[in-house]
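Please open the model in a viewer and keep the sequence panel at hand. The tour below proceeds by selections, each followed by what is to be found there.

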Amino acid sequence: MKFVPLLTATSLALAALPASAQTAAIDSSALREEAKGVFEAIPANLSAIKQTDEDPQGVALTREKIELGKVLFFDPRMSRSGLISCQTCHNVGLGGVDGLPTSVGHGWQKGPRNAPTMLNAIFNAAQFWDGRAPDLAEQAKGPVQASVEMSNTPDELVKTINSMPEYVTAFQNAFPGENDPVNFDNFAAAIEQFEATLITPNSPFDRFLAGDDAAMDEAQKRGLQAFMETGCTACHYGINLGGQDYYPFGLVAKPGAEVLPVGDTGRFEVTKTVDDEYVFRAAPLRNVALTAPYFHSGVVWDLKEAVQIMSSSQLGTELNPQQVDDIVAFLGAVTGEQPQIVHPILPVRTDATPLPAPM
């Protein structure tokens with residue numbers, strides 16, 4: 001479902017109101033009902049993924065796959081250098097990002113785009129800023145093979161895994177009945193299952209949606225109201241407050257070249273369709289207060305500035321200072337409980353394990 005920007009006389013009038021006129025007490029019940037028509041709460045846990053109308057049961061999550069995926073996620077030997085793991089760029093303790101404008105990969109190269117968070121990524125309609133991966137399993141294959149990231153190959157990765165008996169046993173247990181379970185597809189499927197557990201429920205916003213009026217303070221409620229009334233929900237809706245569709249960056253007015261580098265044409269690089277030039281997946285906003293810097297270019301460090309840029313470039317309106325502060329307060333309320341992950345003990349290398357390549 002798409003939501004149309006609410007650039008109506010009501011929202012424009014709201015933007016024009018003095019701050020004092022926007023601080024009246026919020027009707028929490030009415031606000032909640034409106035919000036429930038746009039957003040969903042993060043569930044406490046998942047038991048299956050990839051449910052569709054044709055397959056409502058989806059793919060069951062299993063303990064064996066999840067545990068294997070966790071070990072693979074933290075193992076830097078999946079990279080050519082033996083230094084870079086999934087955790088390197090998607091740090092579970094940093095909101096699922098690396099806190100850099102763009103990530104540093106093999107040979108100390110800098111990637112072209114800011115690393116998106118993997119927390120709650122299971123709820124996105126597609127992965128990467130340009131949506132080129134339909135799911136997390138396909139996404140997991142990308143960085144492994146990218147020369148600017150892990151710079152490995154599927155064959156070399158499988159060789160590395162097969163060189164360690166603990167891994168071979170773990171793959172056999174996670175994928176029972178397969179003649180040759182150690183393969184690139186199963187590597188990716190296991191990581192997907194682990195990442196499906198990296199969700200952040202029970203945020204103040206989720207508790208508010210569930211009926212707790214006291215879960216958000218008045219500024220956060222005003223921010224939620226402004227977020228909906230000024231049209232932010234045209235792109236940022238659903239369970240992840242985004243991540244569901246693609247939009248031009250600069251729908252109304254293009255930001256400067258620093259924020260929107262001219263060399264990165266976004267989804268056009270996937271579809272080769274002119275209409276997709278400078279089109280990107282709407283960023284999911286769950287835990288956004290933890291994931292600076294912002295945008296695919298990773299050049300904006302302040303969430304308040306990011307809100308102002310979005311207001312002018314996407315909505316064609318200038319929010320007043322009170323609205324900006326309130327929306328930032330609301331975005332702080334979508335930070336959920338962070339996953340508590342114990343770093344696994346990794347399988348021990350053998351004489352057959354490929355040696356790391358120089359960076």
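Select residues 136-145, helix α5. Helices (H or I, at least four residues) and strands (E, at least two) are DSSP runs, numbered from the N terminus. Because 7 of its 10 residues are buried, helix α5 is largely enclosed by the rest of the structure; buried means under 20% relative accessible area, exposed over 50%, and partly exposed in between (1.4 Å probe, protein chains only). The buried residues to display are Leu136, Ala137, Gln139, Ala140, Lys141, Pro143 and Val144. Now add α6 (154-162) and α8 (184-195), against which these buried residues pack.

This is a predicted model, in which local features need pLDDT of at least 70, side-chain atom pairs count only at pLDDT 80 or more, and totals for chains, interfaces and linings use all residues. Residues are numbered from 1 along each chain as its sequence is written, and side-chain values use heavy atoms, with hydrogens and water left out.

Colour next by pLDDT, the predictor's confidence in each residue, from 0 to 100. The protein has a mean pLDDT of 92, and 93% of its residues reach 70 or more. Select residues 1-21, where pLDDT stays under 50; for this segment the model has 33 contacts beyond four places in sequence, a contact being heavy atoms within 4.5 Å. Where pLDDT is low, predicted coordinates should not be read in detail.

Move to asparagine 287, in the loop between β4 (279-281) and α12 (303-315). Its relative accessible area is 1%, so asparagine 287 is buried. Apart from neighbours within four places in sequence, asparagine 287 is in contact with Leu119, Asn120, Thr200, Val334, Thr335, Gly336 and Gln338.

Then select the cysteines 232 and 235. With a disulfide defined as a pair of cysteine sulfur atoms within 2.5 Å, the count is 0. Cysteine 232 is in no disulfide, and its nearest cysteine sulfur, that of cysteine 235, is 8.9 Å away. Cysteine 232 is buried, at a relative accessible area of 17%; cysteine 235 is also buried, at 12%.

Finally, show the surface of Leu83, Leu100, Val104 and Trp108, which make a nonpolar patch of about 380 Å². Patches are made of residues with over 30% relative accessible area and no salt bridge, like charges being joined within 9 Å and nonpolar side chains (Val, Leu, Ile, Met, Phe, Trp, Tyr) within 5 Å. A salt bridge is a side-chain nitrogen of Lys or Arg within 4 Å of a carboxyl oxygen of Asp or Glu, and accessible areas come from the Shrake-Rupley method with a 1.4 Å probe. Leucine 83 is in the loop between α3 (63-74) and α4 (86-89), and counts as partly exposed because its relative accessibility is 46%.
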